[in-house]
Number of protein chains: 2
Amino acid sequence: MFSNGGWMSQEDIALLTDLYELRMLQSYWETGMHGRAVFSLHFRELPPERNFILACGQTEVIRHLERLSFEEEHLKALHSLGGFKDEFLTWLRDFRFTGDVHAVPEGTPIFPHEPILEVEAPIAEAQLLESFVMNQVHLQSLLASKAVRTVLAAEGRGVVDFGLRRMHGADAALRGVRAYWIAGLDATSNVLGGLHYQVPVAGTMAHSYIQAHQDEDAAFEHFLRLYPGTILLVDTYDTLEGVRKVIELAKRSSTEGLISGIRLDSGDLSSLSKQARLLLDEAGLDDIKIFVSGGLNEFKIAQLVEGGAPIDSFGVGTDVGCSKDSPMIDLVYKLTEYDGEGRTKASPGKHILPGRKQVYRHYDTDGRIDFDRLTLRDEADSGTPLLQPVMKDGQVVDDMRLERLDQARDYCRREVQALPDSVKRLSSLGVSAGIEVRLSDKLKAFDEAVLKKI
Amino acid sequence: MFSNGGWMSQEDIALLTDLYELRMLQSYWETGMHGRAVFSLHFRELPPERNFILACGQTEVIRHLERLSFEEEHLKALHSLGGFKDEFLTWLRDFRFTGDVHAVPEGTPIFPHEPILEVEAPIAEAQLLESFVMNQVHLQSLLASKAVRTVLAAEGRGVVDFGLRRMHGADAALRGVRAYWIAGLDATSNVLGGLHYQVPVAGTMAHSYIQAHQDEDAAFEHFLRLYPGTILLVDTYDTLEGVRKVIELAKRSSTEGLISGIRLDSGDLSSLSKQARLLLDEAGLDDIKIFVSGGLNEFKIAQLVEGGAPIDSFGVGTDVGCSKDSPMIDLVYKLTEYDGEGRTKASPGKHILPGRKQVYRHYDTDGRIDFDRLTLRDEADSGTPLLQPVMKDGQVVDDMRLERLDQARDYCRREVQALPDSVKRLSSLGVSAGIEVRLSDKLKAFDEAVLKKI
């Protein structure tokens, strides 16, 4: 395990699962239950602080499914756990995912009971994926759904991801770069993530850089000489004093545009940004931009914007990176059909709609999203179908559009703009928030019929 | 990047950093600032919902520092970002971490301003580590600090990690297994994490397994035949009906101990566990244990325990895995000394105590933790010093004790038991919670002297 210097590799994914998945797998193998199952990945309720969820991560996850297999060392490791038969482990050696997957496009705003993806495969295969698929889609959807709120709050101003240091581990920070880009953030401070996903990487200096120098002037001068066009961090000692030093420096340097901006990271950002803007403008430096950071979230950004703070860009960190006000989505991966028959669950508060489904999105004449209709897969409807085939017989459907992050970002922006204002606003409307999800008559009837059979 | 099939590798760690770290690095290189710096990793305030933080992850992170280097492909990638000189990139090729690290043992309950670790190295080296070290120690400390509360609430009953599916990505779920083990959880459902860290792996069946069968009886029978001694999930349709089926099955099977337990995952767990216990006991099956899960956290566990629910083990998932009530620690990595001189920062609310430090823990005559004293590194004190050298000149100090998770777990249990009851209780006591951290006179005087010099 983790042979990769203490980090997991693509090969380890087969074991990034809950033990019960493998126990069930062996039981299906042993009893010869190879019927096709349908599993739906969806959530049952919006978190109280969200009016919509952005579906994210589903395209990346299916690429991993395509290559999923058990290596020899993994089979040995499973053997060491006990309870697995040698014949089963031999069978696992040839295990491949051979199923079909339908998914909504990445960046789609979705609502309760709407499948992000549906997996159809022999039950053992479909079951095995549960933990891994959930872990990855939950992460990216969670982060995108929080980040898009800062984009809405910033009303066109820039938003940059500074979350790496306090996001939940390396995977969260890396996949976050991807989810944030789809959600509309403009850049990331995360070098590895930015390089991997080809997202712009941004960053200049920390307070420690200023502190390490004998004084602020020396630090500014050193940095500017090496990085013409940089942003300077002005709040290490006294913010407005820092701004005055930047002005002095800008006046001394003959080249225009040498200092592109200042960053404020503490104190009353509204008042300080206004005072700083005044000082800069008085000095004729109206091209120097103001960048702020420090404990920001969508509500603080909205307050600064509404208060007329002359801020050009916001850096967001921990609050967004941990989705602090709502660090989880009630995402589930549930059996809805087995061997051609609809399945459901009657546990209190955990009802599952049976069958293969489609989501039809209905827009009004102004292009606003009006309502969604949840139907059985093959029903006709005048709306736009959201679920599309993305995997067939274990192979990703050959359509590179799926993986174009820029395209997902554009689509996301359009769909979010098309949400009603009541859904786009930051404060939650409680239970009634979100878009109405209507069930088709056929789906309702099927649900009742399946419930009766239990 | 991510050449490892879309997953990062040990080699990628050098780039798992914020761009500003690399920009500062080049500036230090360019201006010849090679003075030794001291950085302290600590938090400034307890989260409102925590009375203590368990320091976790610091031993694992230093193993990565030992091997940190820039590969050719990484240098090329940096070049593509622009702003980096060829000579600097050539210099990076030979970059190694050559510094010293002091750290508190993993599993130590810590309080505001107490360093989890202190790094001493040429400033460029020490600065580069910031983002990665914070990301990893924040994650494990966050998860351990939440998990230990469930262990306290369970009062000796078992607690098992089911968090994988909704933790924030793969790294969180994997490192979580390690942090949870130190914090005192008994097992994990996460196969890869359990195998890697040699933590017991647990799990039986999901609702989908029951649903896939024609009825509950058939599912129970199949599973039990393959896994004698298993736990059966009884709440898919009607919990007490499920319990009766288990009783029937247990009576039919001649071997004692064939069914080791039942699991309840929904409904009123207190009432259902009592009714289930009664049914089982009446049938003479008092050796069948009761396992519960479903949205549990420390408060719900405490309520069940206080209410006398006859539960043997608890499965905890998302609430613990996302540290839902407090998904972040205000962890910082701050410069406290450069080139032999103490450094601080005067930004509002962000004061940093200067210098190299030691934490002396003082116990009362009953072995309870009485107070901590934060001193300069070389001060004498009658307490137990917490910070120990763990890395010298870039090499991990040869003491395998550091990496024995079992030893960290034992140490953690003893230290947590030694906390005053007011700190161990689940509800927060507000600002006054935690152990008193006294500053030594010398540290106070040094702090004042450094502040005056700004």
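**Notebook: cysteines, rings and the chain contact**

I began with B:Cys56, which at 0% relative accessibility counts as buried. I note at the outset that this is a predicted model, and I read every value below as computed from it.

**Cysteines.** My next entry was on disulfides, and over all chains I arrived at a count of zero. B:Cys56 takes part in none, since the cysteine sulfur nearest to its own, that of B:Cys412, lies 6.9 Å away, whereas a disulfide would need the two sulfur atoms within 2.5 Å. I then turned to B:Cys322, which is likewise buried, at a relative accessible area of 0%. Which cysteine sulfur is closest to that of B:Cys322? I found it in the other chain, in A:Cys322, at 10 Å, and because this is too far for a bond, I recorded no link between them.

**Aromatic pairs.** Searching the whole structure, I obtained 22 aromatic pairs over all chains. One of them joins A:Trp7 to B:Phe132, with 6.2 Å from centre to centre and 45° between the planes, and I entered the pair as tilted. This pair crosses between chains: A:Trp7 stands in the segment before helix H1 (19–31) of chain A, and B:Phe132 belongs to helix H6 (residues 130–154) of chain B. I checked the accessibility of both partners and found A:Trp7 buried, with a relative accessible area of 3%, and B:Phe132 buried as well, at 2%.

A further pair brings together A:Tyr28 and B:Tyr209, whose ring centres are 5.3 Å apart and whose planes meet at 35°, so I listed it as tilted too. A:Tyr28 lies in helix H1 of chain A and B:Tyr209 in helix H9 (residues 207–212) of chain B, so this pair also joins two chains. I noted that A:Tyr28 and B:Tyr209 are both buried.

Within chain A, I wrote down one aromatic cluster, formed by A:Trp29, A:Phe70, A:Phe84, A:Phe88, A:Trp91 and A:Phe95.

**Charges over rings.** I looked next for charged ends placed over aromatic rings. The charged end of A:Arg175 sits over the ring of B:Trp7, 4.5 Å from the ring centre. Inside chain B, the ring of B:Trp181 has the charged end of B:Arg409 over it, at 3.7 Å from its centre.

**The contact between the chains.** How many residues does each chain bring to the contact? I found 114 residues from chain B and 114 residues from chain A. Together the two chains bury about 9500 Å² between them, of which 62% is on carbon and sulfur atoms. On the chain B side, the residues that lose the most area to chain A are B:Trp7, B:Arg165 and B:His168, which together make up 9% of what that side buries.

**Backbone.** I then examined phi angles in chain B. B:Glu155 has phi near 45°, a positive value in a residue other than glycine; I located B:Glu155 in the loop between H6 and strand S6 (158–161) of chain B, and it is exposed, at 59% relative accessible area. Phi of B:Asp339 is near 50°, which is again positive in a residue other than glycine. The loop that holds B:Asp339 lies between strand S12 (331–338) and strand S13 (341–342) of chain B, and at 54% relative accessibility B:Asp339 counts as exposed.

**Annotation.** Last, I consulted UniProt, whose unreviewed entry places the feature "domain: Nicotinate phosphoribosyltransferase N-terminal" at residues 15–137 of chain A. Over residues 15–137, I recorded 44% helix and 20% strand, with the end C-alpha atoms 17 Å apart.

Note on methods: Residues are numbered from 1 along each chain as its sequence is written. Chains are lettered from A and ligands numbered from 1 in the order in which they are written. This is a predicted model: local features need pLDDT of at least 70, side-chain atom pairs count only at pLDDT 80 or more; totals for chains, interfaces and linings use all residues. Side-chain values use heavy atoms; hydrogens and water are left out. UniProt positions are given in the numbering used here, feature names are shortened, and annotations may be inferred rather than shown by experiment. Helices (H or I, at least four residues) and strands (E, at least two) are DSSP runs, numbered from the N terminus. Buried means under 20% relative accessible area, exposed over 50%, partly exposed in between (1.4 Å probe, protein chains only). Rings of Phe, Tyr and Trp (its six-membered ring) pair if their centres lie within 6.5 Å; planes under 30 degrees apart count as stacked, over 60 as edge-to-face and the rest as tilted. A charge sits over a ring if NZ of Lys or CZ of Arg is within 6 Å of the ring centre and within 35 degrees of the ring normal. Contact means heavy atoms within 4.5 Å. Buried area is the accessible area (1.4 Å probe) that two parts lose on being put together, summed over both.
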